[in-house]
Amino acid sequence: MPQNEQSALHKGHRQRLKQRFLSDGLDQFEPHNVLEILLFFGIPQKDTNPIAHELINTFGSLSAAFDAPFEELVKIKGMTENAAILMKMMPAIFRRYELDKLDQSAVLKNSRDIGQYIKPFFKGKVNEEFYVICLDNTCKVMSCKKLFEGTITSAQISVRKIVETALSCNCANVIVAHNHPQGLAIPSNADICVTNDIYKALKTCEIRLLDHLIVSPSDYVSLMEGGYFNPG
């Protein structure tokens, strides 16, 4: 096929796919089609369908392709640095979108409230992160801060820094949360031990630890509801 005819064919295909998205959204798109249309904007002069298929084949799923390291994405034949950067931006943009919709002064009365509030902070994260939520005596959020970040398997937790953060907010209650980015929301022995250490340290300052949530990509678990400590 002559190059100009091939270019016209690709242009027509791109326009049809864009119009399909505008008409119907992405719900009926196959995973490779989602990547294909996204890559239009990072690879303007090339057929992105084979690249999209290779991304799915290499990483196993749409979400895994977005979570793949930049260095691995650019190894895919046909990928450009701009396209890889665009892919890495998507989970981060979605996270910012979800966080922007949060009620920053929400009242967290139970584990469901806490779970709905904290889950967006972990969207698309591949490393373990630890957050401290400070609340007033009505359980209204005063601040939510990321204090620690570790590898995909562990984070180094400083109980002293958690207490200092709570005292600096002059809060009455604290909730802590961390994620298991590639596992289940099941507390380890280390999670249980550090929860009790935080509880005891905060109690000496007359601050209550209300809960510790563990968040996985699909679920979350409350250590308080699981009976691993008693907020008292």
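Two strands count as paired if DSSP finds at least two bridges between them. Keep that rule in mind as you open this predicted model, since the tour starts with strands and ends with charged side chains.

**Stop 1: strands 4 and 5**

Select residues 208–215, which make up strand 4, and then add residues 220–222, which are strand 5. How many bridges join strand 4 to strand 5? There are 3, and the two strands run antiparallel. To find a contact point, pick Leu213 and look across to Ser222, its bridge partner in strand 5. Now follow the chain from strand 4 into strand 5: the link is a hairpin of 4 residues.

**Stop 2: the setting of strand 4**

Stay on strand 4 and switch on a surface. Is this strand mostly enclosed or mostly open? Of its 8 residues, 7 are buried, so strand 4 is largely enclosed by the rest of the structure. If you show its side chains, here is a general point to keep in mind: in a regular strand, side chains alternate between the two faces of the sheet.

**Stop 3: strand 3 and the crossover**

Next, select residues 173–179, which form strand 3. Strand 3 pairs with strand 4 in the parallel sense, over 7 bridges. A handy marker here is His178, which stands opposite Ile214 of strand 4. To see how the chain gets from strand 3 to strand 4, color residues 189–203: this is helix 9, and the β-α-β crossover that passes through it is right-handed.

**Stop 4: a salt bridge from strand 1 to strand 2**

The structure holds 5 salt bridges, so let's visit some of them. Show the side chains of Glu129 and Lys146, whose salt bridge spans 3.6 Å from N to O. Glu129 belongs to strand 1 (residues 129–135) and Lys146 to strand 2 (residues 141–149), so this pair ties together parts that are 17 residues apart in sequence. Which side of the pair is buried? Glu129 is, with a relative accessible area of 2%, while Lys146 is partly exposed at 38%.

Keep Lys146 selected and add Glu149. These two also form a salt bridge, with their closest N and O atoms 3.1 Å apart. Glu149 is partly exposed, with a relative accessible area of 44%. Now add Lys125 to the view: salt bridges that share partners join Lys125, Glu129, Lys146 and Glu149 into one network.

**Stop 5: Glu72 and Lys75**

Finish with Glu72 and Lys75, a salt bridge whose closest N and O atoms are 3.1 Å apart. Glu72 counts as partly exposed, at 32% relative accessibility, and Lys75 counts as exposed, at 62%.

Conventions
Residues numbered from 1 in each chain as written. Predicted model: local features only at pLDDT ≥ 70, side-chain atom pairs only at ≥ 80, totals over all residues. Heavy atoms only, no water. Salt bridge = Lys/Arg side-chain N within 4 Å of Asp/Glu carboxyl O. Buried < 20%, exposed > 50% of the residue type's maximum accessible area, 1.4 Å probe, protein only. Right-handed = clockwise from strand over helix to strand, strands pointing away.
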